[in-house]
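Welcome, and please have your viewer ready with the selection tool at hand. We will go from stop to stop, picking residues and looking at what surrounds them.

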Amino acid sequence: MTEKTTSPHPVGLFERLLDERVLVIDGAMGTMVQTHRLGEADFRGERFRDHPSDLAGDNELLSLTRPDVIEGIHAAFLEAGADIIETNTFGANAVAQSDYSLESICRELNLESARLARRVADRFTAADPDKPRFVAGAIGPTPKTLSISPDVNDPAARNLTFDELVRVYREAAAALMDGGVDTSKY
């Protein structure tokens, strides 16, 4: 088990700041990634060089293979005035990562993405302690749904169960908290 990273903020700081002013959250991570015009090699890095599936488009993987890009995006949002940055984990769950045959690294994706965002936020907070920065864990939908059948001839068919979805979201949330996202007690 890896060591847990914690938020440096005192209990209640987030709520106190919300009483004082509007807090600004970052923008669209995916759009910012696209501005870098990354290729297959960027997504693979050395670690996934021989991975059997195409990896281009797996933006969450960049937290492992190109953390410099993700760190730069976080920093750009904070420099623009964001108080809160979201982790690069919108599709970092086993259902979404199965498109890339990377279900086995979901905990690592969430953990490392949270740690990366935490480091950047902490660096900006240290530079300007009067403007604390927060990290929010991003958990997006999956490419599969519980509400629509994947088979037009069988309206009751599903390719995912509720319990499977709970499991993948629980795994993601736990890793994000272990990685240092700010939790609701703040």
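Which residues line the largest cavity? Select Thr89, Phe90, Ala92, Asn93, Asn110, Ile139, Gly140, Tyr169 and Ala172, and you have its lining.

Before you look closer, a word on what is on your screen. This is a predicted model, in which local features need pLDDT of at least 70 and side-chain atom pairs count only at pLDDT 80 or more, while totals for chains, interfaces and linings use all residues. Residues are numbered from 1 along each chain as its sequence is written, and side-chain values use heavy atoms, with hydrogens and water left out.

**Stop 1: the cavity**

Keep those residues selected. On a 1 Å grid over the protein atoms alone, a cavity is a set of points where a 1.4 Å probe fits but cannot get out, and lining residues have an atom within 4 Å of a point. The structure holds 1 cavity of 30 Å³ or more, and about 30 Å³ of space lies in the largest cavity. Volume here is the space filled by probe spheres set on the points, with grid points joined across faces, edges and corners. Colour the lining by class and you should find 5 nonpolar, 4 polar and no charged residues. The nonpolar class is Ala, Val, Leu, Ile, Met, Phe, Trp, Tyr, Cys and Pro; Asp, Glu, Lys and Arg are charged; the others, Gly among them, are polar.

**Stop 2: the pocket**

Now select Met29, Gly30, Thr87, Phe90 and Ala138, which lie nearest the centre of the largest pocket. A pocket is an open set of points with protein on both sides within 12 Å along at least five of seven lines. In total, 13 residues line the largest pocket, and its volume is about 190 Å³. By class, this lining has 4 nonpolar, 6 polar and 3 charged residues. Phe90 is worth a label, as it is among the residues nearest the centre of the pocket and also part of the cavity lining.

**Stop 3: the nonpolar core**

Next, select Val33, Leu55, Leu61, Ile70, Ile73, Ile85 and Leu102. Of the 30 residues in the largest nonpolar core, these touch the most other members. Such a core is a set of buried Ala, Val, Leu, Ile, Met, Phe, Trp, Tyr and Cys residues joined through side-chain atoms within 4.5 Å. Buried means under 20% relative accessible area, exposed over 50%, and partly exposed in between, with a 1.4 Å probe and protein chains only. Helix 2 (29–34), helix 5 (67–79) and helix 7 (106–127) are the elements that give two or more residues to this core, and helix 7 gives the most, with 7 residues. Helices (H or I, at least four residues) and strands (E, at least two) are DSSP runs, numbered from the N terminus.

Zoom in on Leu102. Leaving aside neighbours within four places in sequence, Leu102 is in contact (heavy atoms within 4.5 Å) with Phe48, His51, Leu55, Asp58, Leu61 and Gln97. Apart from the largest core lies another, of 6 residues, including Val95, Leu160, Leu165 and Val168.

**Stop 4: an aromatic pair**

Show the rings of Phe14 and Phe134. Rings of Phe, Tyr and Trp (its six-membered ring) pair if their centres lie within 6.5 Å; planes under 30 degrees apart count as stacked, over 60 as edge-to-face and the rest as tilted. By this rule there is 1 aromatic pair. The ring centres of Phe14 and Phe134 are 5.0 Å apart and the planes stand at 85 degrees, so the pair is edge-to-face. Phe14 lies in helix 1 (residues 13–20) and Phe134 in strand 2 (residues 134–136), so the pair ties together parts that are 120 residues apart in sequence. Phe14 is partly exposed, at 23% relative accessible area, whereas Phe134 is buried, at 1%.

**Stop 5: Asp83 and Thr125**

From Phe134, move to Asp83, one of whose contacts is Phe134. Asp83 sits in the loop between helix 5 and strand 1 (84–86) and is buried, at 1% relative accessibility. Measure from Asp83 to Pro132 in your viewer: the two are 49 residues apart in sequence and 7.0 Å apart in space, C-alpha to C-alpha. Then pick Thr125 in helix 7, which is buried at 15% and has Pro132 among its contacts, along with His9, Lys131 and Arg133.

**Stop 6: two loop residues**

Finish with Arg37 and Ser101. Arg37, in the loop between helix 2 and helix 3 (40–44), has a positive phi of about 50 degrees although it is not a glycine, and it is exposed at 76%. Ser101, in the loop between helix 6 (94–97) and helix 7, has a positive phi of about 60 degrees and is partly exposed at 41%.
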